[in-house]
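Me: Hey, I've got a protein model open and I'd love to talk it through with someone. Can we go one question at a time?

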Amino acid sequence: MNTFQLEAAVRDAAGKKATKAVRKAGLIPAILYGQAPVELPYKGTLNPGEKIVDIENGKGIVVTNLVVTNENVRNLIYTPQIYLVELAVKGSKTVKAILKDIQFHPVTDAILHIDFLEVFEDKPITMAVPVILEGHAEGVKAGGKLNLEIRKLRVRAFYNQIPENLTVNVEKLGLGKVIKVGDLSYPDIELVNAKNAVVCAVKLTRAARGMESAAATS
């Protein structure tokens, strides 16, 4: 994965009122979720903006309330590429993270909130990776149309083993045929999507149906 450097500032106050004030100032509220569990009750020292969220079985994770600017995150979000984010929190720390979730306004599509997940070399993560089709399908040569049904596949792997994209070779894909998730495999990563989910298909077109009919009557 490519690396994206992003600056963030700690957000001391939380809650609806504080979040509304952040957006009014032209900033985007964000949260960094730590992935390393800590024992509860937590006896360590928390930095500004940090709090402990109880997960289960006497374990918790550290989450940090942040703010980022629209300008800084634009090239991270509005792109088909995926990135490892080097998140520099002013006056605190720099961590490696990935985008976990983004909330958009239902009408204006403005970014309302961003969730980041801290990553570590020894802990696998799950994220969506773009699919790229490679080759000229046999079914297309016969008059069919190649459709990409799933633009991103969810994979589970260590972050340094996740590729920028997943290539699917379609050269042998015939007319009316499909490639499913279960048909694919890649080294060092696990595909999380349902195995029977269709990734791509060559569908019949009017031209292809006409060619089939002509061949049948000749």
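Me: Let's start with L175. Is it buried, exposed or partly exposed?
Reply: Sure, and keep in mind that this is a predicted model. Buried means under 20% relative accessible area and exposed means over 50%, with partly exposed in between. L175 has a relative accessible area of 24%, so L175 is partly exposed.

Me: And where does L175 sit, and what separation in Å is there between its C-alpha atom and that of K141?
Reply: L175 has its place in the loop between β12 and β13. Along the chain, L175 and K141 are 34 residues apart. In space, though, the separation of their C-alpha atoms is 8.8 Å.

Me: Now T64: buried or exposed?
Reply: T64 belongs to strand β5, which covers residues 59-69. The cut-off for buried is under 20% relative accessible area. T64 comes in at 2%, so we call T64 buried.

Me: Which residues is T64 in contact with, if I skip neighbours within four places in sequence?
Reply: We're still in strand β5 here, since that's the place of T64. With those neighbours left aside, the contacts of T64 are A30, I31, L32, G49, E50 and K93.

Me: Which residues touch the most other members of the largest nonpolar core?
Reply: That core has 29 residues. β9 (125-134), β11 (152-157), β12 (166-169) and β15 (198-203) are the elements giving two or more residues to this core, and β9 has the largest share, with four residues. The members that touch the most others are L153 and I162.

Me: What does I162 touch, not counting residues up to four places away in sequence?
Reply: I162 is one of the two residues touching the most other members of that core. Leaving out residues up to four places away, I162 touches M1, I82, I125, M127, V129, V155 and A157.

Me: How many residues are in the other core, the one with I28?
Reply: This other core lies apart from the largest one. Among its members are I28, L32, L66 and V68. Its residue count is 20.

Me: Which strands are the edges of the sheet that runs β12-β9-β11-β14?
Reply: It's an open sheet of four strands with mixed pairing. Inside it, β9 and β11 run antiparallel and are joined by six bridges, with T126 standing opposite R156 in β11. An edge strand pairs on one side only, and here those are β12 and β14 (190-191).

Me: Over how many bridges does β10 pair with β15, and over how many does β13?
Reply: Both pairings are antiparallel. K145 is opposite K203 in β15, while V178 is opposite A201 in β15. Strand β10 (residues 145-148) pairs with β15 over four bridges, and strand β13 (residues 178-180) pairs with β15 over three.

Me: Which element gives the largest share of the lining of the largest pocket?
Reply: This pocket has a volume of about 450 Å³ and a lining of 20 residues, with I98, L99, K100, M127 and A128 nearest its centre. Two or more lining residues come from each of α2 (70-77), β6 (83-89), β7 (93-104), β9 and β11. The largest share is five residues, and it comes from β7.

Me: How many lining residues of that pocket are nonpolar, polar and charged?
Reply: For counting here, Gly goes with the polar ones. The lining of the largest pocket splits into twelve nonpolar, four polar and four charged.

Notes
Residues are numbered from 1 along each chain as its sequence is written. This is a predicted model: local features need pLDDT of at least 70, side-chain atom pairs count only at pLDDT 80 or more; totals for chains, interfaces and linings use all residues. Side-chain values use heavy atoms; hydrogens and water are left out. A nonpolar core is a set of buried Ala, Val, Leu, Ile, Met, Phe, Trp, Tyr and Cys residues joined through side-chain atoms within 4.5 Å. Buried means under 20% relative accessible area, exposed over 50%, partly exposed in between (1.4 Å probe, protein chains only). Contact means heavy atoms within 4.5 Å. Two strands pair if DSSP finds at least two bridges between them. On a 1 Å grid over the protein atoms alone, a cavity is a set of points where a 1.4 Å probe fits but cannot get out, and a pocket is an open set with protein on both sides within 12 Å along at least five of seven lines; lining residues have an atom within 4 Å of a point. Grid points are joined across faces, edges and corners, and a volume is the space filled by probe spheres set on the points.
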